[in-house]
Amino acid sequence: MTKTPETRETPTFGIEEEFLVVDERGRPSHAAGAVLDSVDDTDGDLQHELTRAQAESATEVCRTRAEAVEQLDSMRTALARAAARRGLRILPCATPPVAAEELPSITPTPRYRRMAEHFGATARTTLTCGCHVHVGVPDPEAGTRVIGHVRPWLPALLTVTANSAIADGLDTGYCSWRHRQWSQWPSAGPPPRFASHAEYEGIVEAWLRTGAILDRGMVYWDVRLSENQPTVEFRVADVAATTGEAALLAVLCRGLVATVLGRGEPPHLSNEVLRGQLWRAAREGVTGCCPDPATGEVRPALEVLTRLTEFCAPALEAAGDTAFVREGLARLARDGGGADRQRRRFAARADAADVVGEFAVRG
């Protein structure tokens, strides 16, 4: 029997986080590889990233929010302890608050070296850290339809963890400077509204032919089909300042997928309009304004996120996430998002090192 949206099982999910590895002054380090190689056993998986100033963590497949938070906490702590043994720190900020003295070196794997050679300054100067949420879907065709339905909500999701206001010692004027920086990659940004999975594949193949991507792992849309798991992968967000905010983002993504899975034609939304909406969300963050998917009108981001929780209410309730989401949004309304907290810390002395001291993970 085909399950209705009310009886469908809650999808599984996973979270990937990218971190900066910085020295005691907050400058990006070249020693992420040594830190990763010396981490004590922990839940989840730890991985190298494009530059030697970054480290990545990935949870196992999770069924509950508690599982995910436990793994996120474990991996952040293990990384912080390994870094501390080398006089370094793990920083969950989406751009470096303190400027590097030199460009971060590329992690010496064949794939990353090829990327650096092919994409030049885009690869060598785009030092950003994101949070990626995977949500299980039955098959690529269903996943492609899900992408169409979640596209209008991407600006609101971007605001949840916007955490890159201070970069290279300056206030950028954006809450998610990472999103603006990441848009330099030719395959980044919002995906179009696909008529079918075949159209999705056609674009990817065309990119491969032109060299806009070197492999399928370089499809960098803000939401895409994963190449390695049967999931839709949300890539729009900054790395979260806290594991609680990462979990908030993840359960909202899961609730959204559970709500739209199995629906028919996605809403029509021009990609150029969506790009403008994402720009507004990146600029203002969770305590500012972003477009309402229902009307396109700009409203307070927290109001739009409340609308999202109402839209996903049955799915959030089925997963046991309703109270957690309400508490998380109330906390953001009270304390601000990562970008707001960066700005408050920076404003005291205009010293980006203060942001590093506030945000670095404690081991």
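The exchange below concerns a predicted model of a protein, with attention to its overall build and to strand β3.

Biologist: What radius of gyration does the protein have, and why does that value agree with a compact globule?

Modeller: The C-alpha atoms fill a box of roughly 55 × 50 × 40 Å along the principal axes. Because a compact globule with 363 residues would have a radius of gyration near 21 Å, the value for this protein agrees with that expectation, being 19 Å.

Biologist: Which percentage of the contacts between residues at least 6 apart in sequence joins residues at least 24 apart?

Modeller: The protein contains 15 helices and 11 strands, and buried residues make up 56% of its 363 residues. Among contacts between residues at least 6 apart in sequence, the share that joins residues at least 24 apart is 75%.

Biologist: Are the residues of strand β3 that point one way and the other way buried or exposed?

Modeller: Strand β3 spans residues 54–58 and is mostly covered. Q54, E56 and A58 point one way from this strand, whereas A55 and S57 point the other way, and the state given for all of them is buried.

Biologist: Which residue in β3 is the bridge partner of F19, and which one stands opposite L46?

Modeller: Strand β2 (residues 45–48) pairs with β3 in the antiparallel sense over 4 bridges, and the two form a hairpin with 5 residues between them. Strand β1 (residues 13–23) also pairs with β3 in the antiparallel sense, over 5 bridges. In β3, the bridge partner of F19 is A55, while the residue opposite L46 is S57.

Notes:
Residues are numbered from 1 along each chain as its sequence is written. This is a predicted model: local features need pLDDT of at least 70, side-chain atom pairs count only at pLDDT 80 or more; totals for chains, interfaces and linings use all residues. Side-chain values use heavy atoms; hydrogens and water are left out. The radius of gyration is taken over C-alpha atoms; the globule rule is 2.2 Å times the number of residues to the power 0.38. Buried means under 20% relative accessible area, exposed over 50%, partly exposed in between (1.4 Å probe, protein chains only). Contact means heavy atoms within 4.5 Å. Two strands pair if DSSP finds at least two bridges between them.
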